[in-house]
Amino acid sequence: MLIILIGAQGSGKGTQAEALSQELGIPHVASGDLFRKEVAEGTELGLKAKDYLDRGELVPDELTIAMILGRLARPDCARGVLLDGFPRTIPQAEALDKGLQAVQRQVDLAVYLEVPREELVRRLSGRYICRACQHVYNIYSKPPKVPGVCDIDGSELYQRSDDVGEAVERRLDIFFKETIRLLDYYAAQGKLVKVNGNQSIDDVHQELLSTIKRYDQGLHGSA
């Protein structure tokens with residue numbers, strides 16, 4: 001299955017994607033991580049993307065689509081993939097569908113992690129990231145064992161500048177004005193399911209897992 005995870009910043013999308021990836025045995029492809037990897041490895045697409053990033057411009061959709069399709073073509077994605085962070089707009093979703101059709105694939109399921117805006121603000125204000133490997137913590141739902149120190153590598157935890165104050169509201173505005181339109185797009189295709197993201201991490205994981213497995217059985221039969 002090719003599954004798209006949709007959720008605002010602070011919805012727990014990344015945390016859930018990592019857990020689902022391990023449980024389902026399919027890769028978690030986050031568009032931001034993919035960009036950074038392509039740029040670091042100096043690939044042709046990475047170098048083209050770097051030109052835009054260095055100028056402070058948005059990377060064109062066709063370049064992003066090419067990166068994602070290239071990643072999806074790798075052998076580890078044959079059984080399925082969790083796509084996180086892309087698409088964010090209707091034109092991107094349409095371009096992704098077109099690109100997938102060309103290689104006889106399609107988006108099978110779009111899962112929306114539904115969390116009230118006020119809860120998203122609270123979560124983002126409590127989010128901290130480790131400097132070494134970007135491990136994510138939250139003082140409310142997933143605190144480190146030692147305040148300010150990563151459990152895994154011992155590096156310092158810090159808050160991103162866009163996780164505080166007006167920056168948080170701006171990021172959420174973009175999601176609730178633009179990205180939210182994807183719900184109608186995938187609902188019209190009969191591919192949208194909503195999951196209550198305003199629960200404990202474990203409860204959200206279990207609901208996601210059961211929803212995906214139930215949909216997969218309906219798609220491919222119970223055999």
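This is a walk through the structure above, from its sheets to its helices and its cores. Keep in mind along the way that the model is predicted.

Let us begin with the sheets. Strands of a sheet pair through backbone hydrogen bonds, either parallel or antiparallel. In this structure you can find an open sheet of five strands, paired in the parallel sense, with the order 2-3-1-4-8. Which strands stand at its edges? They are strand 2 (28–30) and strand 8 (192–196); each has a single partner strand, so one side of each is left without a neighbour in the sheet. If you look along the sheet, you will see a twist that averages 25 degrees from one strand to the next.

Now cross this sheet strand by strand, starting from strand 2. Strand 2 is joined to strand 3 by three bridges, and the two run parallel. Here Val29 stands opposite Leu83 of strand 3. Strand 3 (residues 81–84) has side chains pointing both ways: Val81 and Leu83 go one way, Leu82 and Asp84 go the other, and all are buried. On its way to the next strand, the sheet continues with strand 1 (residues 2–6), which pairs with strand 3 in the parallel sense over four bridges. One pair to look for is Leu2 with its bridge partner in strand 3, Val81.

Strand 1 also pairs with strand 4, again in the parallel sense and over four bridges. In that pairing, Ile6 has Tyr112 of strand 4 as its bridge partner. How many of the six residues of strand 4 are buried? Five are, so strand 4 is largely enclosed by the rest of the structure.

The last step takes us from strand 4 (residues 109–114) to strand 8, which run parallel and are joined by five bridges. Three of the facing pairs are easy to trace: Tyr112 stands opposite Lys194, Leu113 has Val195 as its bridge partner, and Glu114 stands opposite Asn196. Strand 8 also shows an alternating pattern that is worth finding on the screen. Val193 and Val195 point to one face and are buried, while Leu192, Lys194 and Asn196 point to the other face and are not.

There is another sheet to visit. An open sheet of three strands has the order 6-5-7, and its pairing is antiparallel. Strand 6 (136–138) and strand 7 (157–158) are the edge strands here, each pairing on one side only. Strand 5 (residues 127–130) is joined to strand 6 by three bridges, and these two run antiparallel. Within that pairing, Arg127 has Asn138 of strand 6 as its bridge partner.

Next come the helices. The axes of helix 2 (residues 31–41) and helix 3 (residues 44–54) come within 7 Å and cross at roughly 110 degrees. Helix 2 and helix 3 are therefore roughly perpendicular to each other. Which residues make the contact? From helix 2 they are Phe35, Glu38 and Val39, and from helix 3 they are Leu45, Gly46, Lys50 and Leu53. These contact residues divide into four nonpolar, one polar and two charged.

Stay in helix 2 a little longer, for Leu34 has its place there too. Is Leu34 buried or exposed? With a relative accessible area of 7%, Leu34 is buried, since buried means under 20%. Not counting residues up to four places away in sequence, Leu34 touches Val29, Met67, Ile68 and Arg71. For a sense of scale, take Leu34 and Glu118: they are 84 residues apart in sequence and 30 Å apart in space, C-alpha to C-alpha.

Finally, look inside, at the nonpolar cores. The largest nonpolar core has 34 residues, of which Ile4, Ile6, Leu96 and Tyr186 touch the most other members. Helix 4 (residues 61–72) gives the most to this core, with five residues. Ile4 makes a good stopping point: leaving aside its neighbours within four places in sequence, Ile4 is in contact with Leu83, Phe86, Pro87, Leu96, Val107, Leu109, Ala110, Val111 and Tyr186. Apart from the largest core lies another, of 17 residues, among them Leu5, Ala17, Val195 and Val204.

Key. Residues numbered from 1 in each chain as written. Predicted model: local features only at pLDDT ≥ 70, side-chain atom pairs only at ≥ 80, totals over all residues. Heavy atoms only, no water. Axes fitted to C-alpha atoms, helices over the stretch in contact; angles between N-to-C directions. Parallel < 35°, antiparallel > 145°, perpendicular 65-115°, else oblique. Contact = heavy atoms within 4.5 Å. Nonpolar A, V, L, I, M, F, W, Y, C, P; charged D, E, K, R; others polar. Core = buried A, V, L, I, M, F, W, Y, C linked by side-chain atoms within 4.5 Å. Buried < 20%, exposed > 50% of the residue type's maximum accessible area, 1.4 Å probe, protein only. Pairing = 2+ DSSP bridges.
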